[in-house]
Amino acid sequence: MKELEERIRKDGRVLGKDVLKVDSFLNHQVDPMLMEKMGEEFYNHFKDAGINKILTVESSGIAPAVMTGLQFHVPVVFARKHKSVTLTDDLYTSEVYSFTKKTSNHISIDKRYLSSDDKVLIIDDFLANGQAVNGLDTIIEDAGATLAGIGIVIEKSFQKGRQLIDKSGIPIYSLARIKAFENGQVVFQDEED
Ligand code: 5GP
């Protein structure tokens, strides 16, 4: 998505060797007009997949997920993050190692909001090593639901997540694919060398 790539180039800041900060339009301040276009892109890509539910993880996945749900006219469920979970009877849970915080969290979804009738599209803000997607996939399996596709706003293709998902055969569509960070600059996958 050209407009997203341009925005990343203009406003993104590379931190260290593998973190991109996009606080001005995605992770802190949110640009709703850009989110709306992202929702349209995901919808156009996955519209024939029979999706009836969108799943994401709080908090930065919520904005693009809601805009996508609006296009599909389906509910959006966000997994909640906890340090630990005790009463789990009513919850599907899994453990996720956070790439940015370097700690493990449990994520959970209330059993009322996911069932074997659901054909799910996962939406998330970033794909790094694939932990968040993997945690959601575990929950989808536990619920007997079907994972129909994965939509990612910004994929860092040089980390492990993309390869893992490709291996699993689940359809994935990323709006911006970053090949590398070079001297603090973003290089996209579709750019000529
Ligand atoms: P993964 O689970 O794929 O290893 O990492 C994805 C999650 O970590 C995303 O949900 C996102 O919140 C966070 N994340 C990973 N890499 C970045 C990054 O470069 N910048 C930001 N802002 N968040 C990231």
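**Exercise 1. Find which element gives the largest share of the shell around the ligand, then describe the rest of that shell.**

Start with strand 7, which supplies four residues, the largest share of the shell. Strands here are DSSP runs of E with at least two residues, helices are runs of H or I with at least four, and both are numbered from the N terminus. Keep in mind that this is a predicted model, where local features need pLDDT of at least 70 and side-chain atom pairs need 80 or more, while totals for chains, interfaces and linings use all residues. Numbering runs from 1 along each chain as its sequence is written, and side-chain values use heavy atoms, with hydrogens and water left out.

Next, take the whole shell: 16 residues surround the ligand, with Leu20, Ala128, Gly130, Ala132 and Lys156 the closest. To be near, a residue needs a heavy atom within 4 Å.

Then sort by type: seven are nonpolar, five polar and four charged. Nonpolar covers Ala, Val, Leu, Ile, Met, Phe, Trp, Tyr, Cys and Pro; charged covers Asp, Glu, Lys and Arg; the others, Gly among them, are polar.

**Exercise 2. List polar atoms that lie by the ligand, and work out how much of the ligand is covered.**

Go to Asn27 in helix 2 (residues 23-27). One of its polar side-chain atoms is 3.1 Å from a ligand nitrogen. Now try the backbone: an N or O atom of Asn129 lies 2.8 Å from a ligand oxygen, and one of Gly130 lies 2.7 Å from a ligand oxygen.

For cover, the protein takes 88% of the 500 Å² of accessible area that the ligand has on its own. That area is Shrake-Rupley, with a 1.4 Å probe.

**Exercise 3. Check the UniProt "binding site" residues against the largest pocket.**

The unreviewed UniProt entry puts this feature at Leu20, Asn27 and Lys156; such annotations may be inferred rather than shown by experiment. Leu20, Asn27 and Lys156 are also in the lining of the largest pocket.

**Exercise 4. Pick out the backbone oddities and say where they sit.**

First, the peptide bond from Glu58 to Ser59 is cis, omega near -5°. Ser59 belongs to the loop between strand 3 (53-57) and helix 4 (62-72).

Second, Lys102 isn't a glycine, yet its phi is positive, about 60°. Look for Lys102 in the loop joining strand 5 (91-97) and strand 6 (104-110).

Third, Asn183 has a positive phi of about 50°, again without being a glycine. Its loop runs between strand 9 (172-182) and strand 10 (185-188).

Notes: Polar contact = N/O pair within 3.5 Å; in protein donor to acceptor, adjacent residues only side chain to side chain. 1 Å grid on protein atoms, 1.4 Å probe; cavity = no way out; pocket = protein on both sides within 12 Å on 5 of 7 lines; lining within 4 Å.
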